[in-house]
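Open the model in your viewer and keep the sequence panel beside it. The stops below each give a selection and then say what is there.

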Amino acid sequence: MITAVLFDMDGILYDSEAWYMKGSIETMKELGYTGDMQALNKALGLTVNEMYRYFRSLLNNKVSVKRIAEVNDAYYAEHPLPPYQEIMFPHVPEVLKGLKQDGYLLACCSSSPLDTIRESLEAMGILGYFDFMESGENVKHSKPDPEIYLQAASHLKVKPSECIVYEDSRTGIESGKRAGMTVIARRDERFKQDISEADHAVNDVMEMAAMVREINTCRK
């Protein structure tokens, strides 16, 4: 029986990935990158520090992580993320409310800094729906390692087999699967993420919630 739903955040609760990808492209162009821009899609789901190291490898280790961070930070200082409420996916609040009313435990497990997770959930008015939240920067091994999802299950006092993970990136999907959890992936053709390892695929959060209830009905 499913008792908990564990959410990623970027690309799941709000549509920030296009903004991040544009920033990554502009940063890498400024740093002299002329390779395949689709290679930057592999940075989705990584922590900030992991992203910088990945970008450095694409630059043949000729640019320091410090320099990459400086250029990246300067870009985002000039091009801030739109207000969270404006980029929140449709129906997120009512879906979370409905899942809570049905008795599910909810967690947010993101590679973003914990302060960002808390700030964004609060700004969207959905912080109170979550029983637990954790950042990939606070665990020893970030996604695709399963640690963050196993930690959430432990905190919620549920078995991994009782959890559904809702993800959009290949990295996050692998993390959920390695944790022994059922993974539902959100389709998004913009970033060419490989979601083939997910147990189910949906188009939006409404379909995800319906899938959770369908899975539970089949397991009873």
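Start with the whole chain in cartoon view: the secondary structure comes to nine helices and six strands. Helices (H or I, at least four residues) and strands (E, at least two) are DSSP runs, numbered from the N terminus. This is a predicted model, in which local features need pLDDT of at least 70 and side-chain atom pairs count only at pLDDT 80 or more, while totals for chains, interfaces and linings use all residues. Residues are numbered from 1 along each chain as its sequence is written, and side-chain values use heavy atoms, with hydrogens and water left out.

**The whole chain**

Stay zoomed out. The C-alpha trace spans about 55 × 30 × 30 Å along its principal axes. The radius of gyration is 17 Å, which agrees with the value near 17 Å for a compact globule of 220 residues; this radius is taken over C-alpha atoms, and the globule rule is 2.2 Å times the number of residues to the power 0.38. Of the 220 residues, 51% count as buried. Buried means under 20% relative accessible area, exposed over 50%, and partly exposed in between (1.4 Å probe, protein chains only).

Among contacts between residues at least 6 apart in sequence, 66% join residues at least 24 apart; a contact means heavy atoms within 4.5 Å.

**Strand β1 and its partners**

Select residues 4-7, which form strand β1. Which residues of β1 lie on each face? Ala 4 and Leu 6 are on one side, Val 5 and Phe 7 are on the other, and all are buried.

Now add residues 105-110, strand β2, which pairs with β1 in the parallel sense over four bridges. Two strands pair if DSSP finds at least two bridges between them. To find the register, look at Ala 4, which stands opposite Leu 105 in β2.

Next add residues 163-167, strand β4, which runs parallel to β1 and is joined to it by four bridges. Here Phe 7 stands opposite Tyr 166 of β4.

**From β2 to β3**

Add strand β3, residues 132-135. β2 and β3 also pair in the parallel sense, over four bridges, and Cys 108 has Met 133 of β3 as its bridge partner. In β3, Phe 132 and Glu 134 point one way, Met 133 and Ser 135 point the other way, and all are buried.

Select Ser 110 in strand β2. Is Ser 110 buried or exposed? Ser 110 is buried, with a relative accessible area of 1%. Leaving aside neighbours within four places in sequence, its contacts include Asp 8, Met 9 and Asp 10, as well as Glu 134, Ser 135 and Lys 143.

**A cis bond and positive phi angles**

Most residues other than glycine have a negative phi, and most peptide bonds are trans. The next selections depart from one or the other pattern.

From Lys 143, step to Pro 144: the peptide bond between them is cis, with omega near 20 degrees. Pro 144 is found in the loop between β3 and α7.

Go to Asn 61, in the loop between α2 (48-58) and α3 (65-78). Its phi is near 60 degrees, a positive value in a residue other than glycine. At 46% relative accessibility, Asn 61 counts as partly exposed.

Then select Lys 192, in the loop between β5 and β6 (200-202). Lys 192 has a positive phi of about 50 degrees although it is not a glycine, and at 55% relative accessibility it counts as exposed.

**Helix α8**

Select residues 170-178, helix α8, where Thr 171, Gly 172, Ile 173, Ser 175 and Gly 176 are buried. To see what covers these buried residues, show α7 (147-156), β4 and β5 (182-186), which are among the covering elements. Just after α8, Gly 180 takes a positive phi of about 80 degrees.

**Last stop: Ala 43**

Select Ala 43, in the loop between α1 (17-30) and α2. At 8% relative accessibility, Ala 43 counts as buried. Not counting residues up to four places away in sequence, Ala 43 touches Met 51, Tyr 54 and Phe 55. Finally, draw a distance from Ala 43 to Pro 93: these are 50 residues apart in sequence and 28 Å apart in space, C-alpha to C-alpha.
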